[in-house]
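Visitor: I am new to this structure. Could you show it to me and explain how the descriptions of its strands are reached?

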Amino acid sequence: MKKVQLLSLILITTGFILTSCYQSAKNKEMIKKENFGIHQGKEVFLFTLTNKEGNVLKLTNYGAKITWIEIPDKAGKKENITFGFDTFDGTVNDDPYFGSVVGRYANRIAKGKFTLDSKEYSLALNNGPNALHGGPKGWHSVVWNSEIVEKTEYPTIKFSYLSPDMEEGYPGNMQIEVVYTWTDNNEIVIDYKCTTDKKTILNITNHAYFNLHGAGNGDILDHELVIKASSFIPVDSTLIPTGEIRPVSGSPFDFTTQHTIGERILESYDQLIYGKGYDHNFVLDNKEDVDITVYEPVSGRLMEVITDQPGVQFYCGNFLDGKIIGHGGKPYIFRSGLCLETQHYPDSPNHANFPDTELKPGETFNSKTIYRFSVK
Ligand code: BGC
């Protein structure tokens with residue numbers, strides 16, 4: 001090698017090392033890791049991620065949860081817009097999945113039964129006659145491993161968990177990784193990756209509740225919603241899909257153009273009665289960049305959701321009743337939070353006409369959902 005080539009190689013390598021060191025030092029500055037408590041004999045941490053705009057995302061490895069999203073309104077006033085608790089005890093108590101990663105099967109499975117290769121599996125029934133959100137001890141209620149990912153452009157945390165064979169009744173050892181990135185563009189990027197050593201089923205989501213007025217500040221009925229979904233999944237009175245995929249056109253489920261959440265919620269449409277409001281999976285068209293937008297005109301806050309998943313469970317807090325007291329001592333009242341849980345359709349293992357939710361050994365499930373915040 002000529003002297004000059006050697007010199008450039010040394011310069012490039014040094015530059016690369018310096019940039020990486022700078023990047024990882026920068027990442028550390030943008031992430032604060034605190035001891036939050038001990039649960040199930042494992043350490044629980046609270047991670048505070050601050051982006052270049054000075055906006056804050058807080059995460060914990062208990063349930064791989066999002067516990068705080070602090071973003072400005074159009075006047076620049078910053079406020080937390082997601083449900084959670086200030087205390088460790090509040091965070092590890094059973095709340096309705098605030099900010100949690102939910103699995104192994106998010107949403108409902110009829111009578112807790114499904115069949116794989118002619119073998120029937122039975123899950124605990126924790127929602128009337130059905131199984132909900134991975135069971136009573138699903139992924140929302142376990143302590144995950146955590147890691148600050150260095151050498152990335154934005155603050156990034158990786159949570160991982162090995163879900164053992166037959167945990168909550170699901171076959172196969174499943175290795176899960178959930179990576180949260182908090183970008184300077186106020187995006188929470190969630191990357192999911194799962195593998196298994198036996199054929200199993202999988203439906204993973206994040207169950208954050210949002211109120212763009214600020215969490216605990218009234219209801220979400222004035223939020224203006226667009227869901228790019230031409231159909232939705234009707235359910236029976238126990239919220240299990242009937243198997244139909246129904247066009248939204250002409251119904252209160254048509255959010256292909258903007259409507260406030262409250263506008264048609266009291267109509268006497270069977271599905272609104274079964275769900276006590278909206279608590280349904282929408283079949284995303286997946287044709288445009290942004291799949292869902294939520295706009296709250298008073299604060300001017302806008303949330304956009306982008307996903308590669310085939311559906312989204314739109315739940316508007318119909319089961320909240322003010323008994324849960326969250327951040328800042330504020331009660332979470334009826335319809336004070338909305339969830340947009342990107343996922344497969346409920347009860348898919350029991351409906352051959354729904355997209356497949358099986359995962360086999362040798363396959364890797366990869367998926368990405370982005371929640372992006374801005375003002376307008
Ligand atoms: C379900 C609701 C349920 C909520 C909290 C949502 O995903 O669709 O019916 O009440 O989670 O458990």
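Guide: Let us start with E224, which stands opposite Y295 in β22. This is a predicted model, and every value here is computed from it.

Visitor: What makes β17 and β22 a pair?

Guide: Two strands pair if at least two bridges are found between them. Strand β17 (residues 224–227) and strand β22 (residues 292–296) have four bridges, in the antiparallel sense. Four set against at least two: they pair, because the requirement is met.

Visitor: Which sheet do these strands belong to, and in what order do its strands come?

Guide: Nine strands form an open sheet, in the order β11-β12-β13-β14-β27-β23-β22-β17-β20, with antiparallel pairing.

Visitor: Why are β11 and β20 called edge strands?

Guide: Each of them, β11 (145–148) and β20 (259–260), pairs on one side only.

Visitor: How do you know that β14 pairs with β13 and with β27?

Guide: Count the bridges again, with at least two needed. Nine join β14 to strand β13 (residues 174–182), antiparallel, and M174 has T196 of β14 as its bridge partner. Four residues lie between these two strands in their hairpin, where N186 takes a positive phi near 55 degrees. With strand β27 (residues 365–375), β14 has eight bridges, also antiparallel; there V189 is partnered by I370.

Visitor: Why is β14 called largely enclosed?

Guide: A residue counts as buried under 20% relative accessible area. Seven of the ten residues of β14 (residues 187–196) are buried, so this strand is largely enclosed by the rest of the structure.

Key. Residues are numbered from 1 along each chain as its sequence is written. This is a predicted model: local features need pLDDT of at least 70, side-chain atom pairs count only at pLDDT 80 or more; totals for chains, interfaces and linings use all residues. Side-chain values use heavy atoms; hydrogens and water are left out. Buried means under 20% relative accessible area, exposed over 50%, partly exposed in between (1.4 Å probe, protein chains only).
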